[in-house]
Amino acid sequence: MAEVILRNLTKRWGDVVGVDDQSLHIRDREFLVLLGPSGCGKTTTMRMIAGLEEPTSGEVWIGDRMVNQDLPKDRDVAMVFQNYGLYPHMSIFDNIAYPLRVRHVTKDEIRPRVEDAARKVELVEFLDRRPRALSGGQRQRVALARAIVRTPKVFLMDEPLSNLDAKLRVLMRAELKHLSHELMTTTVYVTHDQVEAMTLADRVAVMKDGIIQQLGTPDDIYNDPANMFVAGFIGSPAMNLIKGSIKDGDFVTAGGRRLTPTGGKENHSVVLGVRADDIRISDPGEGRLDVTIYAFENTGDSTFLTVQWGTQRIIARGGRHLRKEQGDVVSITMDPDHLYLFDPGSGSRIRN
Amino acid sequence: MTGNRLRRLFSAIQVALILVATFVMLVPIAWIFLAAFKTHVDVYQLKLFFRPTLENFGTVFDAPFLLGAKLFNSTIVALVTVMLAIPIATMAAYSFSRFHLRGETAMLVTILATQFVPAVIIVLPFFVMFRDIGLLDTRVGLIVVNLAIVMPFAIWMIKGFIDGIPLDTEEAAMVDGSSRVQMIRNIVLPMAAPGILTAGIFCFIIAWNEFLFALILTNKNAVTLPIGLALFKAEEGDLWNLLSAAGIIIMLPMFILALLIRKYFVQGMTMGAVR
Amino acid sequence: MGRAWVRPPRVRDNILKYLLVAPAVVVVAVTAIWPLIEAARLSFTVGRLNRPGSLEQYLGWENYVWAVMEEPAFWNSVWVTAAYTFLTVALTTILALALALLLAPGGRLRSGVQTLLILPFAMSPALIGVSFRFMFNPEFGLFDAFFGALIPPLANVSWLADPILAFAVCIMADVWGWIPFLTLVLIGGLISVPRETLEAAQIDGANGWRVFRDVTLPQLAPVLAVVVILKSIFSLKTFDQIFMLTNGGPGTATQTLSHYIYFNGMKYGQIGFAASVAWLMVIPMIFLTYAYAKLVFRKDQAQ
């Protein structure tokens with residue numbers, strides 16, 4: 001068990017910047033998720049912690065030791081790979097036992113520990129098989145068991161669920177959550193899936209272009225995004241971002257419509273962010289603005305309305321029993337307590 | 001209906017063409033197989049049916065032909081060539097596959113290019129050198145020169161196989177606690193073993209069939225099987241029944257080896273340009 | 001419990017990676033690069049095997065000048081090699097492509113034949129030469145009998161005694177030996193042409209020939225290029241079959257460059273002259289190798 005500290009960590013390949021001078025303090029026993037689109041530097045960051053990638057500059061600390069010069073094997077971390085990285089020529093037992101064997105753990109000790117790890121991931125009956133005889137979900141468990149069979153200082157997980165089908169992913173997500181509570185080991189988890197991040201993380205670091213955009217609890221990043229990127233990346237459907245200006249405390253769209261009161265200073269160019277959940281739908285004339293339905297989607301447990309005025313389209317969530325047709329007119333009203341304003345140039349949040 | 005019949009006719013023509021091609025392909029081989037079991041009388045006739053004899057396979061091992069010595073030479077030369085080439089090639093292939101080396105592309109191109117150097121230009125200086133240091137007509141000399149043709153194939157082929165091993169697995173082993181060398185031993189070599197074996201067989205076939213080096217560098221003690229074929233020329237002409245028996249001894253083991261690795265033959269020959 | 005390293009581990013990897021390639025580099029340098037350089041040196045010497053000291057007696061470019069200016073036999077072997085290369089490359093490629101198209105669809109018969117295709121390729125080229133000499137024997141050769149029955153003027157012709165026919169037999173032996181390999185390569189190429197593109201073209205209304213010309217052939221082009229270059233290289237180097245089949249004869253009608261070099265170097269002991277011709281032969285190889293390396297590395301980068 002240990003904390004992980006990154007100090008001014010940078011990774012460059014020639015002119016390409018992977019991670020740009022980032023510092024991050026991951027607390028002991030914390031489950032930290034690195035979240036971002038592909039190419040944002042999240043995997044590179046994790047690989048530098050593992051020692052699989054050498055930082056261009058900066059320091060990686062695990063516990064009270066600067067590990068930049070340590071080989072992966074000497075860092076006492078365990079890693080779960082996206083493609084699992086199982087040893088195809090070894091049985092499941094040998095796969096799980098491998099980290100113990102190379103560390104010269106005695107034979108008498110290996111068996112109970114492997115069996116214990118296998119029990120935790122419900123794999124006991126498969127120990128004699130080869131990886132190729134297992135399903136994707138089972139292989140995933142082998143990778144997990146191999147990580148938990150020893151008690152490393154840090155768990156590193158690189159998109160461990162991304163190769164599973166949607167249903168299995170939800171199941172494994174819950175198992176991971178359960179396991180992480182049980183083990184209470186510092187964990188760094190890389191994903192591009194915001195639902196995984198929201199459900200698993202103690203804290204989330206949202207990354208883009210090698211820079212951590214926001215570090216906070218899932219609550220923070222959902223309800224208090226630091227900038228337009230985080231606002232647009234977190235949440236499904238994505239937050240609506242509408243260009244316009246602030247006049248007399250009201251948000252006015254580019255087309256000149258007064259959309260909603262926001263307060264704040266006069267500003268000729270802002271972006272208004274509003275989540276689909278925070279838009280109320282009512283009959284024409286009853287709300288703030290009458291709009292036409294561009295598309296009506298029913299997901300079963302709720303409905304989504306893409307509405308349009310002028311060239312602007314936004315998406316709003318309707319009630320489960322709402323039924324509308326394409327082309328119908330409805331009225332929308334935004335919840336003034338859950339609006340976000342951003343600077344269109346820098347993307348940063350404008351706080352009143 | 002007519003479309004259907006046309007299609008059936010078309011596919012019948014295809015099958016016929018395939019059979020003709022197969023026939024043309026197999027006839028020279030089959031003819032050698034037949035001739036090997038003919039007596040020295042029957043072999044000079046276009047007989048398809050005859051009383052088969054195993055006599056030829058005995059004669060080729062007797063004086064003056066002594067094919068046994070050539071068989072021994074061929075086996076030793078090909079085997080030792082492969083046993084030297086494969087470990088060296090495997091090491092290099094791993095490094096080329098997994099690391100960025102200074103001058104990597106230049107090295108790989110050079111290795112590729114040496115494969116295309118005419119054998120006749122390689123053998124001239126070796127002939128002069130071996131004459132001076134007494135390696136002419138020795139198996140050692142032949143092995144050294146054979147390395148020249150085998151190494152590029154071995155390096156490129158094994159590199160292709162190692163390229164196919166997912167990096168994840170190696171990295172997992174490193175994080176699990178192996179050093180680089182442990183990881184190569186425990187993970188990479190077992191996973192690449194089928195590929196390494198394939199490359200070994202491929203190189204064995206090449207060394208076994210090698211002709212020009214053996215022709216120039218040996219004359220008595222280290223003569224290999226393909227050169228041994230020249231023995232079966234008597235005053236009255238070629239001894240076809242014996243030539244055929246010797247031919248079978250040369251090609252049959254290679255047929256078996258080639259069939260074992262048939263899936264990788266193309267990949268090996270084209271050095272990964274076609275997979 | 002971190003151990004203290006004498007050197008940082010990255011540096012150890014950095015040393016290791018060069019240590020791993022070092023033996024291979026040494027072997028290739030000694031067995032392939034050194035002979036090339038030494039042959040170049042020899043090519044500038046008098047270089048008579050039976051005359052001591054002549055291997056260090058320098059002549060400048062004289063051997064090259066002699067070959068190019070004074071030796072009809074050299075030019076003869078150049079033309080033989082050129083014709084041989086052109087004909088074998090063209091015939092092998094076309095026939096192999098046809099066979100590959102026939103065999104690519106798979107199925108029991110076709111994959112069985114594909115397996116058999118390995119056999120001629122595993123055969124020593126010297127043995128192919130022997131077997132074709134056997135097959136074209138004017139008295140009891142099977143092919144001789146076949147062609148004789150098919151084309152009466154060819155009955156009982158002494159194939160290998162006639163310059164043109166001997167050359168033709170050499171071509172046939174080469175084509176026979178190489179079609180299987182080229183076919184296998186092309187089948188690989190054909191299989192990797194995505195099915196959807198063929199199906200799309202069919203749905204778009206193209207007939208069989210148009211599908212082949214407009215969709216298959218362009219996608220097969222890189223593999224065809226590999227095949228043509230590779231076969232050209234091997235054709236240029238041809239020696240084993242020729243040696244066993246005709247030994248360059250009758251006269252010098254089938255004397256390829258490799259055979260010419262062998263003869264001058266080994267039979268006449270003019271190793272300096274042979275080395276100069278060998279180096280002249282390397283020139284077209286350089287272009288072909290360059291083209292081939294480009295293809296290989298483009299493939300490498302694409303992955």
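This is a short dialogue about contacts, domains and one helix pair in a predicted model.

Student: Why is H3(B) called oblique to H6(B)?

Tutor: Start with the angle. The axes of helix H3 (residues 67-98) of chain B and helix H6 (residues 139-163) of chain B cross at roughly 40°. Angles under 35 degrees count as roughly parallel, and 65 to 115 as roughly perpendicular. The value of roughly 40° fits neither range, so H3(B) is oblique to H6(B).

Student: What else describes two packed helices besides the angle between their axes?

Tutor: The distance between the axes. Here the axes of H3(B) and H6(B) come within 6 Å.

Student: Which hand does the crossing of H3(B) and H6(B) have?

Tutor: The crossing is right-handed.

Student: What classes of residue make up the contact of H3(B) with H6(B)?

Tutor: There are 20 nonpolar, five polar and three charged residues in that contact.

Student: How do you know that a residue of chain C is in contact with chain B?

Tutor: Check the C-beta atoms. Two residues are in contact if these atoms, placed from the backbone, lie within 7 Å. By that cut-off, 79 residues of chain C are in contact with 74 residues of chain B.

Student: Which element gives the largest share of the side of chain C that touches chain B?

Tutor: Helix H1 (residues 9-42) of chain C, with 18 residues. By class, this side of chain C has 62 nonpolar, nine polar and eight charged residues.

Student: How many residues does the contact between chain A and chain B take from each?

Tutor: Chain A gives 21 residues and chain B gives 15 residues. On the side of chain A, strand S6 (77-80) and helix H2 (92-101) are the elements that give two or more residues. S6(A) has the largest share, three residues. The classes on this side are 15 nonpolar, three polar and three charged.

Student: Where do the domains of chain B lie?

Tutor: Domain 1 is 2-55 and domain 2 is 65-269. Their centres, taken over C-alpha atoms, are 33 Å apart. Their contact takes eight residues from domain 1 of chain B and seven residues from domain 2 of chain B. The domain 1 side divides into five nonpolar, two polar and one charged.

Student: And what are the domains of chain A?

Tutor: Domain 1 (4-233) and domain 2 (240-350). Their centres, over C-alpha atoms, are separated by 39 Å. Domain 1 of chain A gives seven residues to the contact, and domain 2 of chain A gives eight residues. On the domain 1 side there are five nonpolar, two polar and no charged residues.

Note on methods
Residues are numbered from 1 along each chain as its sequence is written. Chains are lettered from A and ligands numbered from 1 in the order in which they are written. This is a predicted model: local features need pLDDT of at least 70, side-chain atom pairs count only at pLDDT 80 or more; totals for chains, interfaces and linings use all residues. Helices (H or I, at least four residues) and strands (E, at least two) are DSSP runs, numbered from the N terminus. Ala, Val, Leu, Ile, Met, Phe, Trp, Tyr, Cys and Pro count as nonpolar, Asp, Glu, Lys and Arg as charged, and the others, Gly among them, as polar. Domain bounds come from an automatic or database domain assignment. Axes are lines fitted to C-alpha atoms, for helices over the stretch in contact, and angles run from 0 to 180 degrees between N-to-C directions. Angles under 35 degrees count as roughly parallel, over 145 as roughly antiparallel, 65 to 115 as roughly perpendicular and the rest as oblique. A crossing is left-handed if the near helix is turned anticlockwise from the far one by less than a right angle, and right-handed if clockwise.
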